[in-house]
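Me: Hi! Could you walk me through this one? I'd like to start with how the helices pack and then look at the charges.

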Amino acid sequence: MFHGLPNEDPYTHLATYIEICNTVRITGVPEDAVRLSLFLFSLSREAKRWFHSFKANSLKTWDEVVEKFLKKYFPESKTAKGKAAISSFHQFLDESLSEALERFRGILSKTPTHGFSEPI
C-alpha cells in the first residue's frame, strides 16, 4: 500500500505492485490493462486522493500512470538530490571498503534514475 508519504519509495512500490499483478492472468486481457485497472487499489490516503484528481478514464495506458506517479512522488528535485549524494560520496576514515561500497550501493538504489554507471 502506497500512502504518498515522503519516506515511501515509489519505485519499490511499482516493482512490488508489478510482481503482484504478474500473478494475475486473465485470458485475452493484456498485462497493462490489469495493472491499469487495479492500481488504485494499491494506493491509500494522499496517493489515492492524488489518483482521484484525474478525470475518469483520462489515464489510458499503464505507461501514463507510471509517468504521472513518478513525476508526483519522485520529482526531478529528488533525483537531483540523489545525484548530488552520489557524486559527493566518500569513504569515511573509520569505514572499511566493503562498508563504504555497501553504503554507496544503498545511495545508488535510492535514486534509480541517477544515470551513473554502477560498480560491479
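Reply: Happy to! Bear in mind that this is a predicted model. To begin with packing, helix 1 and helix 2 make a right-handed crossing.

Me: At what angle do the axes of helix 1 and helix 2 cross?

Reply: Roughly 120 degrees, and the two axes come within 10 Å. Helix 1 is therefore oblique to helix 2.

Me: What about the loop between helix 1 and helix 2, where does valine 29 stand in terms of accessibility?

Reply: Valine 29 sits in that loop, between helix 1 (10-21) and helix 2 (31-38). Its relative accessibility is 35%, so valine 29 counts as partly exposed. Val29 also belongs to a nonpolar surface patch of about 210 Å², made together with Val24 and Ile26.

Me: Nice. On to charges: how many salt bridges are there?

Reply: The structure has 5 salt bridges. One of them pairs arginine 25 with glutamate 31, where the closest N and O atoms are 3.3 Å apart.

Me: Are arginine 25 and glutamate 31 buried or exposed?

Reply: Arginine 25 is exposed, because its relative accessibility is 59%. Glutamate 31 has 41%, so it counts as partly exposed.

Me: Which other residue does glutamate 31 pair with?

Reply: Arginine 35, with 3.6 Å between the closest N and O atoms. Glutamate 31 and arginine 35 are 4 residues apart in helix 2, so about one helical turn separates them. Arginine 35 is buried, since its relative accessible area is 10%, which is under the 20% cut-off.

Me: Any salt bridge with glutamate 95? What is its partner?

Reply: Its partner is arginine 103, and their closest N and O atoms are 2.8 Å apart. Glutamate 95 counts as buried because its relative accessibility is 13%, while arginine 103, at 26%, counts as partly exposed.

Me: And which residues are joined into one network by shared partners?

Reply: Arg25, Glu31, Asp32 and Arg35 are linked that way, through salt bridges that share partners.

Me: Changing topic: where is phenylalanine 41?

Reply: Phenylalanine 41 lies in the loop between helix 2 and helix 3 (45-52). With a relative accessibility of 57%, phenylalanine 41 counts as exposed, because exposed means over 50%.

Me: How far apart are phenylalanine 41 and tryptophan 62?

Reply: In sequence, phenylalanine 41 and tryptophan 62 are 21 residues apart, and in space their C-alpha atoms are 14 Å apart.

Key:
Residues numbered from 1 in each chain as written. Predicted model: local features only at pLDDT ≥ 70, side-chain atom pairs only at ≥ 80, totals over all residues. Heavy atoms only, no water. Patch = residues over 30% accessible without salt bridge, like charges linked within 9 Å, V, L, I, M, F, W, Y side chains within 5 Å. Areas by Shrake-Rupley, 256 points an atom, 1.4 Å probe, with all protein chains shown as cover. Salt bridge = Lys/Arg side-chain N within 4 Å of Asp/Glu carboxyl O. Helix = DSSP H or I, 4+ residues; strand = E, 2+ residues; numbered from the N terminus. Buried < 20%, exposed > 50% of the residue type's maximum accessible area, 1.4 Å probe, protein only. Axes fitted to C-alpha atoms, helices over the stretch in contact; angles between N-to-C directions. Parallel < 35°, antiparallel > 145°, perpendicular 65-115°, else oblique. Left-handed = near helix turned anticlockwise from the far one by under 90°.
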